[in-house]
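Thanks, everyone, for making the time. I would like to walk through one structure this morning, going residue by residue at first and then stepping back to the core and the pocket.

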Amino acid sequence: MLYIKFFLGLLAIINPIGLLPVFVSLTSHQTDLERKHTNKVANFAVVVILFVTIIAGQHILNMFSISLSAFRIAGGSLICIIAMSMLQGKISEVKRNQEEDRESSGMESVAVVPLALPLMAGPGAISSVIVFAAEHNSLIDFIGMFSTVLVFGLLSWALFNMAPTIFKLLGKTGINVITRLMGLLMLSLGIEVIAAGVKGLFPQLMG
C-alpha cells in the first residue's frame, strides 16, 4: 500500500499523460526511430534522476541543515503551486519558463533537457521523492522505491511510445481533463505534505 501511494504520487506530479502534447510537439521534427530513441533516453534519465534523489536526498538536507519538516512545507507549497497550474490545464512555469521554451526549440536533442529535466523530473517530483525517502529510509524501503520508480519509468515509456495515437484519441480536451484531475490529486497531496510539516515544526499547535 505504501509503494502504491508513492507510485500514484509520482503519476499525479509528473503526469505523463498531460505531457503527451509536449512530447509530440518536441519530437514533431523527428522520424519514428528518433522519437523512440528520445522516449527511451528521456525516461531512462528520469529513472536515474529519481534514483539519485532517493539515495542523496537526506544527505542534501543534512548538508544544508534543513529539517525534514521545513522541507515538507517548502516541497508541499511547490507541489500546490504546480497543482494550481494543472487545474487550469497548463504546465506550470515552475517546471518550464519562456526562456527554456526558446532555448529548447533550437536544440537538436530534447530527451534530457527539457523533457526529462525539468518537465518530468521537475522540482515537484524531486521534492516529493526527497520527503518520501527521508521518511522511509530502510534498505527494504529503498528497494521498494527503486522498484516503484522503475515501474513508473516503464509505464511512462509505454505511454510516450503510443503518444501520437493517444493524443489523437483523447484530443486536447481529454488530456486537459486528465491533467485537471491529476492537479486535484496533486493539490491534496501537497496540502497533506504541508500539514505534516507544520505538525513536525509546531507540535504544540496539534495539542
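Let me begin with Asn15, which touches Leu10, Met86, Thr179 and Met182 when residues up to four places away in sequence are not counted, a contact here being heavy atoms within 4.5 Å. Before I go on, please keep in mind that this is a predicted model, in which local features need pLDDT of at least 70 and side-chain atom pairs count only at pLDDT 80 or more, while totals for chains, interfaces and linings use all residues. Residues are numbered from 1 along each chain as its sequence is written, and side-chain values use heavy atoms, with hydrogens and water left out.

Asn15 sits in the loop between H1 and helix H2 (20–26), where helices are DSSP runs of H or I with at least four residues, strands are runs of E with at least two, and both are numbered from the N terminus. Is Asn15 buried or exposed? Asn15 is buried, because its relative accessible area is 5% and buried means under 20%, with exposed meaning over 50% and partly exposed in between, for a 1.4 Å probe and protein chains only. The side chain of Asn15 also makes a polar contact with the side chain of Thr179, at 3.4 Å; such a contact is a pair of N or O atoms within 3.5 Å, where within protein one must be able to donate a hydrogen and the other to accept it, and residues adjacent in sequence count only if both atoms are side-chain atoms. The backbone deserves a look as well, since phi of Asn15 is near 50°, a positive value in a residue other than glycine.

Ser65 also has a positive phi without being glycine, near 55°, and Ser65 lies in the loop between H3 and H4, where it is exposed, with a relative accessible area of 68%. Thr27, in the loop between H2 and H3, is buried at 0%, and apart from neighbours within four places in sequence it is in contact with Arg35, Thr38 and Val110.

Staying with the backbone, helix H6 holds both Pro114 and Pro118. The peptide bond from Val113 to Pro114 is cis, with omega near 5°, and a cis bond also joins Leu117 and Pro118, with omega about 15°.

Now to the interior. The largest nonpolar core has 47 residues, of which Leu10, Leu50 and Met186 touch the most other members; a core of this kind is a set of buried Ala, Val, Leu, Ile, Met, Phe, Trp, Tyr and Cys residues joined through side-chain atoms within 4.5 Å. Helices that each supply at least two residues of this core include helix H3 (32–63) and helix H8 (139–161). Leu50, leaving aside neighbours within four places in sequence, is in contact with Leu10, Ile14, Ala121, Val129 and Val149.

Finally, which residues lie nearest the centre of the largest pocket? They are Val131, Phe132, Glu135, Leu189 and Val193, out of 16 that line it, a pocket being an open set of points on a 1 Å grid over the protein atoms alone where a 1.4 Å probe fits, with protein on both sides within 12 Å along at least five of seven lines, and lining residues having an atom within 4 Å of a point. H7 gives the most to this lining, with 5 residues.
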